[in-house]
Amino acid sequence: RGSPQDMLLLLLATSGLLLPGIGEKVVTHATSAADVRSWVEEHCSAPGVVGFDTETRPSHRKGRPNPPAVIQLSTMHACLVAQVYVAPRHRLGRRGAWVESAREAREGADGVRHALTATLEDRSILKAGVGVDNDAIDLWQFWGLEVNGRVELAGVAERSRSLARLLATTTGVELSKPKALQASDWAAPLGERQVAYAAADAWAGRAIYERLSSLDASSFGLDAVAALLDAGERSCCELYAMRRARQAARAALADVAAQLGEEGLPHRLGSGEESHASAKRVITALSGHARTVARSLADSKDTRLPVDSVLDAAPEIDEVSTLGREDRSGVVQRK
């Protein structure tokens with residue numbers, strides 16, 4: 001089996017994504033329950049670790065999020081891009097006409113979602129990625145899917161790293177993240193570039209875990225992580241309740257701060273400027289409290305992995321390669 005550096009280059013071909021030197025189809029774009037079952041049986045053994053990510057159609061209405069539409073799982077050699085939701089209508093292109101989605105596609109996505117249930121629930125199959133708790137909350141909120149065995153790779157909130165940055169730090173791989181693809185319609189039938197983008201994200205999570213476990217097997221080894229999660233992993237229901245509490249706390253403190261900013265104090269304290277300064281100090285304090293409350297309701301101390309300390313002690317990687325940057329022929333190039 002190759003190292004992350006040996007497996008950087010993904011070639012986009014008509015048959016799917018291929019890894020260099022292997023010549024096999026490594027990405028399955030699942031549009032039916034049979035596709036999922038086949039991939040899981042071949043690639044997803046327990047106990048084990050997979051990279052994990054989701055994609056969602058962007059929402060342009062505040063407070064009205066869309067349901068997750070794609071779930072990605074990946075080993076070091078094979079990726080599953082599973083479409084779990086197809087919207088009733090979608091655009092043809094970025095500015096094209098709205099059209100009805102095929103009933104077969106929508107029913108197929110429903111089957112894909114149900115076929116993934118057991119794998120997502122299985123605590124012996126660890127799901128590694130960045131922002132995995134947020135993805136799990138969304139899957140539970142909209143689809144009732146319980147994601148267990150969540151391995152957060154970003155580190156503590158104060159030093160949280162994006163997926164692309166973490167991949168570059170751990171493996172020397174630069175992951176291209178085109179904004180047009182990030183903001184594309186994931187609830188429509190997927191195109192090849194979307195499948196490639198989604199697969200690379202999940203593969204990145206698996207590659208990061210592979211590197212961290214090689215640096216510190218006592219903390220990131222399969223048995224060590226599984227034991228940590230068995231002792232302290234929160235349910236998706238609890239995560240959802242904590243998210244709602246964070247939102248409510250931030251909104252309440254922001255409302256008080258806004259009122260003080262607009263109305264000031266009910267009585268003058270010395271000069272008008274002095275009253276204004278006092279109100280401003282309170283507003284600043286409220287903003288700090290809002291951040292503290294949000295962190296306290298988001299912090300999973302019981303299942304936190306020592307990502308930051310391991311990376312601080314790791315040797316720097318000099319050579320940087322590129323995953324996801326395409327030339328005009330559509331082939332992903334090594335830098």
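Reader: Which residues touch the most other members in the largest nonpolar core?

Author: V81, V151 and L212 do. The core has 41 residues. Keep in mind that this is a predicted model.

Reader: Which elements supply at least two residues of this core?

Author: Strands β5 (68-74), β6 (79-83), β9 (125-129) and β11 (173-175) do. So do helices α4 (163-171), α6 (192-215), α8 (222-232) and α11 (307-313).

Reader: And which one gives the most?

Author: α6, with eleven residues.

Reader: Back to L212. What is L212 in contact with, leaving aside neighbours within four places in sequence?

Author: L153, T170, F220, V307, V310 and L311.

Reader: OK. What is in the second core?

Author: That core is separate and has 23 residues. Among them are V36, W39, A78 and V147.

Reader: Switching to rings. How many aromatic pairs are there?

Author: The count is three. Take Y85 and W143 as one case. Their ring centres are 5.5 Å apart. The planes sit at 45 degrees, so this pair is tilted.

Reader: Where do Y85 and W143 lie?

Author: Y85 is in the loop between β6 and β7 (89-91). W143 is in helix α3 (residues 132-143). The two parts are 58 residues apart in sequence, so the pair ties them together.

Reader: Is W143 buried, exposed or partly exposed?

Author: Partly exposed, at 24% relative accessibility. Buried would need under 20%.

Reader: What lies over the face of W143?

Author: R113 does, at 3.9 Å from the ring centre.

Reader: What about the rings of W140 and Y240?

Author: Their centres are 5.5 Å apart and their planes are at 45 degrees, so that pair is tilted. The pair links distant parts of the chain. W140 is in helix α3, and Y240 is in helix α9 (residues 236-263). They are 100 residues apart.

Reader: How accessible is W140?

Author: W140 has a relative accessible area of 25%. That makes W140 partly exposed.

Reader: New topic. How many disulfides does a search of the whole structure find?

Author: Zero.

Reader: Why is there no bond for C236?

Author: The closest cysteine sulfur, in C237, is 8.9 Å from the sulfur of C236, so the gap is too far for a bond. A disulfide needs the sulfur atoms within 2.5 Å.

Reader: Is C236 buried or exposed?

Author: Buried, at 0% relative accessibility.

Reader: And C79, buried or exposed?

Author: C79 is buried too, with a relative accessible area of 6%.

Technical notes: Residues numbered from 1 in each chain as written. Predicted model: local features only at pLDDT ≥ 70, side-chain atom pairs only at ≥ 80, totals over all residues. Heavy atoms only, no water. Core = buried A, V, L, I, M, F, W, Y, C linked by side-chain atoms within 4.5 Å. Buried < 20%, exposed > 50% of the residue type's maximum accessible area, 1.4 Å probe, protein only. Helix = DSSP H or I, 4+ residues; strand = E, 2+ residues; numbered from the N terminus. Contact = heavy atoms within 4.5 Å. Phe/Tyr/Trp six-rings, centres within 6.5 Å; stacked < 30°, edge-to-face > 60°. Lys NZ or Arg CZ within 6 Å of the ring centre and 35° of its normal.
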